[in-house]
Amino acid sequence: MPQVRADLFPADVARKADVASPGTEGDILSMLEQGRKIDAIRMYREQTGAGLREAKDAVEALERGGKLPKSPQAAGSAGVRADLKADVWALVQDGQKIQAIKFYRERTGCGLKQAKDAVEAVAHEHGVAPNTAGCFGMLLFWLALSGVLLGLIG
């Protein structure tokens, strides 16, 4: 079982920096000239702690001749984080764990594993254990299925 961490929500993780370092803009421009856009986005994310969508938008703005943002976007505000957790919890309560994971990924730009861990962390915060059948549960399922099939055949 993955370690349940409540810090998977952007609001719970302190940003590494409010803005990219002074040399970052030049490095990103250099990467863009070399056709290394993904590396440029990755560097921006590492420098600022920005999400994927925010980093992509910033790098594309620079690519169009603009400047990198001076401060993080409002997506990092406490109210937005609380809303994100509340929305995820509402989906989990409705038994829509997969939809909650998709929703979290869309809002944060994170990967599947991080989204799954974040959704499970919200469930854990509210005292809900993840649904796992485990080996014994699967064994019982297959034995029951075998019994049904044998009953149909015999």
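**Exercise 1. Overall make-up**

Among contacts in the protein between residues at least 6 apart in sequence, what percentage join residues at least 24 apart? Then describe the secondary structure and the extent of burial.

*Solution.*
1. The model is a predicted one. Of the contacts between residues at least 6 apart in sequence, 57% join residues at least 24 apart.
2. Seven helices and zero strands make up the secondary structure. Read from the N terminus, the order of elements is α-α-α-α-α-α-α.
3. The protein has 154 residues, and 26% of them are buried.

**Exercise 2. The pair H2 and H3**

Classify the packing of helices H2 and H3, and give the make-up of their contact.

*Solution.*
1. Helix H2 covers residues 37-48 and helix H3 covers residues 52-63. Their axes come within 9 Å and cross at roughly 120 degrees.
2. Angles of 65 to 115 degrees count as roughly perpendicular and those over 145 as roughly antiparallel. The crossing of roughly 120 degrees therefore makes H2 and H3 oblique to each other.
3. The crossing of H2 past H3 is right-handed.
4. On the H2 side, the contact residues are Lys37, Ala40, Ile41, Tyr44 and Arg45. On the H3 side they are Leu52, Glu54, Ala55, Lys56, Ala58, Val59, Glu60 and Glu63.
5. By class, the residues of this contact are seven nonpolar, no polar and six charged.

**Exercise 3. Helix H3 on its own**

Compare the span of H3 with the expected value, list its buried residues, and say what follows the helix.

*Solution.*
1. H3 has 12 residues. The expected span is 1.5 Å times one less than the number of residues, which for H3 gives 16 Å.
2. From first C-alpha to last, H3 reaches 16 Å, close to that expectation.
3. Buried in H3 are Glu54, Ala55, Ala58, Val59, Glu60 and Leu62.
4. Glycine 65, just after H3, takes a positive phi of about 100 degrees.

**Exercise 4. The pair H5 and H6**

Repeat the analysis of Exercise 2 for helices H5 and H6.

*Solution.*
1. Helix H5 spans residues 97-108 and helix H6 spans residues 112-125. They pack at an angle of about 120 degrees, and their axes are 9 Å apart.
2. That angle makes H5 oblique to H6.
3. H5 and H6 cross in a right-handed sense.
4. H5 contributes Lys97, Ala100, Ile101, Tyr104 and Arg105 to the contact. H6 contributes Leu112, Gln114, Ala115, Lys116, Ala118, Val119 and Glu120.
5. The contact of H5 with H6 divides into seven nonpolar residues, one polar and four charged.

**Exercise 5. Alanine 115**

Is alanine 115 buried or exposed? Describe its surroundings.

*Solution.*
1. Alanine 115 lies in helix H6.
2. The cut-off for burial is under 20% relative accessible area. Alanine 115 has 0% relative accessibility, so alanine 115 counts as buried.
3. Leaving out residues up to four places away in sequence, alanine 115 touches Ile101, Tyr104, Arg105 and Cys110.
4. Alanine 100 is 15 residues from alanine 115 along the chain, and their C-alpha atoms are separated by 8.5 Å.

Key. Residues numbered from 1 in each chain as written. Predicted model: local features only at pLDDT ≥ 70, side-chain atom pairs only at ≥ 80, totals over all residues. Heavy atoms only, no water. Axes fitted to C-alpha atoms, helices over the stretch in contact; angles between N-to-C directions. Helix = DSSP H or I, 4+ residues; strand = E, 2+ residues; numbered from the N terminus. Parallel < 35°, antiparallel > 145°, perpendicular 65-115°, else oblique. Left-handed = near helix turned anticlockwise from the far one by under 90°. Contact = heavy atoms within 4.5 Å. Nonpolar A, V, L, I, M, F, W, Y, C, P; charged D, E, K, R; others polar. Buried < 20%, exposed > 50% of the residue type's maximum accessible area, 1.4 Å probe, protein only.
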